[in-house]
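This report introduces a structure to a reader who has not met it before. It proceeds by topic, under short headings.

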Amino acid sequence: MRRQWIVYAFWLLLAACLYFFENNMGTRAVLICSLLFPVFPALRSSISGKEDAGKEKENGQQTVSTFIRQETDEPGDIRPYRPGDPVRRIHWKLSAKKGDILIRETQTADEPAEKKNLIAPTRNGKKDFRKILIRILTAVIVLCLLMLVLIPETRRGSQALCNRVFTASEAVNAYAYTYFPVPENQNVFPAAFLLLLMAASLIILTVLLRSRFLILGIAAALTVFQVYFGIAFPAWINIPVYGLLAALLLNLIPSDRRLKVFAALILTVSVLCVILLPGVDAATEAASETVRDNLSGIVQQFAGKISEAPEGETETRHAHTQSLETGNQEAAADQEYRLVTVEEEQISMPHWVNYMKIILLLLLAAALVILPFTPFLLLNSRRKKADEARKTFLSADVSQAVRAIFQRVIDWLEATGSGAGNLLYRDWTACLPDSLPEGYAARFSACAADFEEAVYSGHVLPEEKRKQALDLLKETEDALWQKADRKQRFRLKYWMCLCE
Amino acid sequence: MRTQLEDVIREVEKVIAGKREVIEKIVIALLAEGHILLDDVPGVGKTTLATALSRAVGFSFRRIQFTPDVLPSDITGFSMYDKESGGFTYRPGLLSRVNLLLGDEINRASSKTQSALLEAMEERQVTVDGNTYPMEKPFTVIATQNSIGTAGTQVLPYAQMDRFLVQLSIGYPDYEAQMTMLRDRQTENPLESVSCVLSREELTAMQRETRSVTMKDEILDYITKLTMASRTHEAVAVGISPRGALFIGRTAKAKAYLEDRDYVTGSDIQAVFRDVCTHRVLLKDGSEHSVTQVLDDLVKKTDTPDHRSRFQGIMKK
């Protein structure tokens, strides 16, 4: 749970940075950062090894780690350890006292099975209804898509819609894009209706199906559409749309308070970004102006040297000459503008540049996606080792257990900066901080001797050594956590978050 | 601490006050069946120490003062023509029936005498005229060399220094110790009061037990890393030899045995490392550091086995 928040905090930071870039450079950064949205939760759940985001939410209450003692010390049912119980639920204190490993049962039940499989809920009638609804919705979507593509009227309508989006687009050089050859007065209502119907069905289907892949698919389709056609929806559309997808993905039904807060946060941030950084449109416009000015200069310089005349250029030129002759100033200006545009396009945008741009953008997006996860990926092996070590706390081999527990003590000391570096552990007593409780050094050195015996001899240690070591660990954790300043606590939390 | 060995140390301490550390080290060297090189100024009690030790453990003790005139045959013995039998008979030298030999100022002996002694130290047998005579067991040599007044001496070659297990120095006693010493010696010789608390057989058995002390791979790894680091250290011309590494292990075992453990830990290695290696490291000319500093540096820079053993057991599992 905690890990997830780190990722989101990072993302928000990234989004802010990208907005800044957008403001200054007129890139399609908005697009990239939108692209990051849906990918994050999916990656997060795959990295943290949790099957299901929902399941983690269920367990969230108790995974809030041992740091907040008041919470975990709340009386739940205590029962003896059974093989297969998660290590983090062991009640160390009691276990150490009783000499037997005890498990803390919290009020939250172990992942209820029916919540996992949401397509097949308990009641049969509801299940059938849901199934039928899903089929109907799928059919509607497919039908809408087919109608949109196959019926000429609606196809033209959607093309006209596209043209309008082009016009409204924020993309750099928006004026340079080729419009679909559709009359401007084309009736767009059937197409718009179909599109809306499709979108609505998609949303309902998403909520019903709760399939991560569907949401990811939608996000990918939207992104590819935007990248390929070069239409970036305005940021205030993009951010909520992707945010909604992310929210859906994160926790499929927004019943959790935390999720609502998260969604609200995203919306607030995006709205704030749009309000506080109004330069997105202005910067785009300014950049376009500069490009155009430069290009016009070049065109005038090299006029006539362009051998290959693009399609329709001759006619435009002809009309241009004609309107100049007839003195139709308005038409002349319009045609001149078009000619310049065509030439600009020819000079500035060879086709391969477009593809390169798409590839580069995708690469950049991939790099940005990986970036916040690198620490987790790098430290994942360490986390696994720590998990293993915690399992060995209970190992039947006491030597193994003592070894692992003592290592944990050392880890704690090192994490709070109280370690003595490359000294033998038995010599650490001299360097331990004064803040530790009375007689701690003696207990530590006793445990260090046990550790040495466990590591360097073939002896079988008696069971009480494990208890001693566990007591020491408990004491270390308590003492160090109490004395840790804010920075160290942060470090400990981060470290625990990797180990949890 | 083994009680019997503790007794030995206490007996010796009667004579040399306040030098417990050195005595312990000498006992360790004894357990590890090694020879000891004492590098010290005259008059700090080298001979007294050796005598007291030999008394405490029931050793037969002999002492030889080396001068350039001492010949190899004085040490190994020689064959002499016997008129009555008409053949050669072997006249045993210094090395016969001796458990503890104190060779004073070994660097004053001629090089051929030195080599005769050192050979006997290594082989623990004496060969004269093709006949091999075994020596007493255990056999330990405590050789001394004075660090002052070295004029006219034959400095022990590096290769021969390598044969000593440890190089120790007793050093001057502190105020308290010297006062005690002066007080004790006014009327009687405390050497008389040293009693035999450990038989030769028991010591031999202990030496055998020392050899069977457990030394895990982590520790071997530590020794190897330490010695290899000494060979690449910037201030070192000649690093610790493989024999040196072997000796570190042996001495560490004895140290563990002395502390009543049957396994070697990293602290044992660190405790003996300096004594075993001081005379094995040759620094480069014009080096600013002393050997001790370099050795400390090596210990500081090499990862201790405690650190390296982290999670290793789990990985193996």
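## Pairing of strands E2 and E5

In chain B, strand E2 and strand E5 (residues 100-104) run parallel and are joined by 5 bridges. Within this pair, B:Arg62 of E2(B) has B:Leu101 as its bridge partner in E5(B). The model described here is a predicted one.

## The open sheet of chain B

The pair belongs to an open sheet of 5 strands in chain B, which follow the order E2-E5-E8-E1-E9 with parallel pairing. Its edges are formed by strand E2 (61-65) and strand E9 of chain B, each of which pairs on one side only. From one strand to the next, the twist averages 20°.

Strand E1 (residues 36-40) of chain B stands between E8 and E9 in the strand order. With strand E8 (residues 140-146) of chain B, E1(B) pairs in the parallel sense over 5 bridges. With strand E9 (residues 166-168) of chain B, E1(B) also pairs in the parallel sense, over 3 bridges. B:Leu37 takes part on both sides: B:Ala143 stands opposite B:Leu37 in E8(B), and B:Gln167 is the bridge partner of B:Leu37 in E9(B). E1(B) is mostly covered, with 4 of its 5 residues buried.

## Helix H3 and the loop to E2

Helix H3 (residues 46-56) of chain B lies across four strands of chain B, namely E1, E2, E5 and E8. Relative to E5(B), H3(B) runs at about 175°.

The loop between H3 and E2 of chain B contains B:Ser60. Is B:Ser60 buried, exposed or partly exposed? B:Ser60 counts as partly exposed because it has 13 C-beta neighbours inside 10 Å, whereas a residue is buried with 20 or more and exposed with 12 or fewer. Leaving aside residues up to four places away in sequence, B:Ser60 touches B:Arg97, B:Val98 and B:Asn99. B:Leu101, the bridge partner of B:Arg62, is 41 residues from B:Ser60 in sequence, while the C-alpha atoms of B:Ser60 and B:Leu101 are 8.6 Å apart in space.

## Packing of helices H9 and H10

Two packed helices are described by the angle between their axes and the distance between the axes. For H9(B) and helix H10 (residues 242-258) of chain B, the axes come within 10 Å and cross at roughly 140°. This angle makes H9(B) oblique to H10(B), because only angles over 145 degrees count as roughly antiparallel. The crossing of H9(B) past H10(B) is right-handed.

Which residues meet where H9(B) and H10(B) are in contact? H9(B) brings B:Ile223, B:Thr224 and B:Thr227, which meet B:Gly244, B:Ala245, B:Ile248 and B:Gly249 of H10(B). By class, the residues of this contact are 3 nonpolar and 4 polar, with no charged residue.

## The contact between chains A and B

Helix H9(B) also leads to the contact between the chains, as one of the elements listed below. Chain B gives 21 residues to the contact and chain A gives 18 residues. On the side of chain B that touches chain A, the elements giving two or more residues are helix H9 (217-232), helix H11 (266-277), helix H13 (305-308) and helix H14 (312-316) of chain B. H11(B) supplies the largest share of that side, 3 residues. The side of chain B that touches chain A comprises 5 nonpolar, 9 polar and 7 charged residues.

Terms used:
Residues are numbered from 1 along each chain as its sequence is written. Chains are lettered from A and ligands numbered from 1 in the order in which they are written. This is a predicted model: local features need pLDDT of at least 70, side-chain atom pairs count only at pLDDT 80 or more; totals for chains, interfaces and linings use all residues. Two residues are in contact if their C-beta atoms, placed from the backbone, lie within 7 Å. Ala, Val, Leu, Ile, Met, Phe, Trp, Tyr, Cys and Pro count as nonpolar, Asp, Glu, Lys and Arg as charged, and the others, Gly among them, as polar. Two strands pair if DSSP finds at least two bridges between them. Axes are lines fitted to C-alpha atoms, for helices over the stretch in contact, and angles run from 0 to 180 degrees between N-to-C directions. Angles under 35 degrees count as roughly parallel, over 145 as roughly antiparallel, 65 to 115 as roughly perpendicular and the rest as oblique. A crossing is left-handed if the near helix is turned anticlockwise from the far one by less than a right angle, and right-handed if clockwise.
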